[in-house]
Amino acid sequence: MCSTEQRYDVICDPLDLWIVWDNQTEEPAFFGGQILHGLTERHAVEVAKIMNELYGNEKRDAARLSGNDFSPTACRSAGG
């Protein structure tokens, strides 16, 4: 099964500030020892995008190293 779910997402807190959320750990994301919260929406989206580019492929990379490559590329080629 192909999954396009990103590891990092953004959510709005009750005070209308934004948090970068780590879907893998199910808690706010950390970077440099800091929780990524209290951000503007634009900043949170940009940070989440960068975090996904840097760290979002760890699960896929681990699967590839173990021989279980379920990356979108592998799924596309398997279908024809």
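**Exercise 1. Find the salt bridge that involves arginine 7, and place both partners in the chain.**

Solution.
Step 1. Arginine 7 forms a salt bridge with aspartate 22. The closest N and O atoms are 2.8 Å apart. The term requires a side-chain nitrogen of Lys or Arg within 4 Å of a carboxyl oxygen of Asp or Glu.
Step 2. The pair links distant parts of the chain. Arginine 7 sits in the segment before β1, aspartate 22 in strand β2, and these positions lie 15 residues apart in the numbering sense of "apart". Strands (E, at least two residues) and helices (H or I, at least four) are DSSP runs, numbered from the N terminus.
Step 3. Check burial. Arginine 7 is buried, with a relative accessible area of 13%. Aspartate 22 is buried too, at 5%. Buried means under 20% relative accessible area, exposed over 50%, and partly exposed in between (1.4 Å probe, protein chains only).
Step 4. Count. The structure holds one salt bridge.

The model is predicted: local features need pLDDT of at least 70, side-chain atom pairs count only at pLDDT 80 or more, and totals for chains, interfaces and linings use all residues. Residues are numbered from 1 along each chain as its sequence is written, and side-chain values use heavy atoms, with hydrogens and water left out.

**Exercise 2. State which charged side chain is nearest to the buried aspartate 13 with opposite charge, and find a contact of the aspartate 13 side chain.**

Solution.
Step 1. Locate the residue. Aspartate 13 is in the loop between β1 (8–12) and β2 (18–22).
Step 2. Look for a charge partner. Aspartate 13 is buried but has no salt bridge. The nearest side chain of opposite charge is arginine 42, 18 Å away. For charge, Lys and Arg count as positive and Asp and Glu as negative; His and the chain ends are not counted.
Step 3. Look at the backbone. The aspartate 13 side chain reaches the backbone nitrogen of leucine 15 at 2.9 Å.

**Exercise 3. Give the strand order of the three-stranded open sheet and the sense of its pairing.**

Solution.
Step 1. The order is β1-β2-β3, and the pairing is antiparallel. Two strands pair if DSSP finds at least two bridges between them.
Step 2. The edge strands are β1 and β3 (27–28), each pairing on one side only.
Step 3. Count bridges. Five join β1 to β2. Two join β2 to β3.
Step 4. Follow tryptophan 21. In β2, tryptophan 21 is the bridge partner of aspartate 9. Tryptophan 21 also stands opposite proline 28 in β3.
Step 5. Set the sheet in the whole chain. The protein chain has three helices and five strands. Along the sequence the pattern is β-β-β-β-β-α-α-α. Buried residues make up 22% of its 80 residues.

**Exercise 4. Describe phi and exposure for aspartate 16 and glutamate 26.**

Solution.
Step 1. β1 and β2 form a hairpin with five residues between them. Aspartate 16 is in the turn, with a positive phi of about 65°.
Step 2. Aspartate 16 is exposed, at 58% relative accessibility.
Step 3. Glutamate 26 lies in the loop between β2 and β3. Its phi is near 55°, a positive value in a residue other than glycine.
Step 4. Glutamate 26 is exposed, with a relative accessible area of 63%.

**Exercise 5. Report the C-alpha separations of glutamate 5 from glycine 56 and from asparagine 23.**

Solution.
Step 1. Glutamate 5 is in the segment before β1. This residue is exposed, at 62%.
Step 2. Glycine 56 lies in the loop between α1 and α2 (58–66). Glycine 56 is partly exposed, at 23%.
Step 3. The C-alpha atoms of glycine 56 and glutamate 5 are 9.7 Å apart, with the residues 51 apart along the chain.
Step 4. For glutamate 5 and asparagine 23, 18 residues apart along the chain, the C-alpha separation is 8.9 Å.

**Exercise 6. Name the residues of the nonpolar surface patch and the element that gives the largest share.**

Solution.
Step 1. Phe31, Ile50, Leu54 and Tyr55 make a patch of about 370 Å². Patch residues have over 30% relative accessible area and no salt bridge; like charges are joined within 9 Å, nonpolar side chains (Val, Leu, Ile, Met, Phe, Trp, Tyr) within 5 Å. Areas come from the Shrake-Rupley method with a 1.4 Å probe; for residues, only the protein chains shown count as cover.
Step 2. Helix α1 (residues 41–55) gives the largest share, three residues.
Step 3. Tyrosine 55 is in helix α1. Tyrosine 55 is partly exposed, with a relative accessible area of 31%.

Technical notes:
A polar contact is a pair of N or O atoms within 3.5 Å; within protein, one must be able to donate a hydrogen and the other to accept it, and residues adjacent in sequence count only if both atoms are side-chain atoms.
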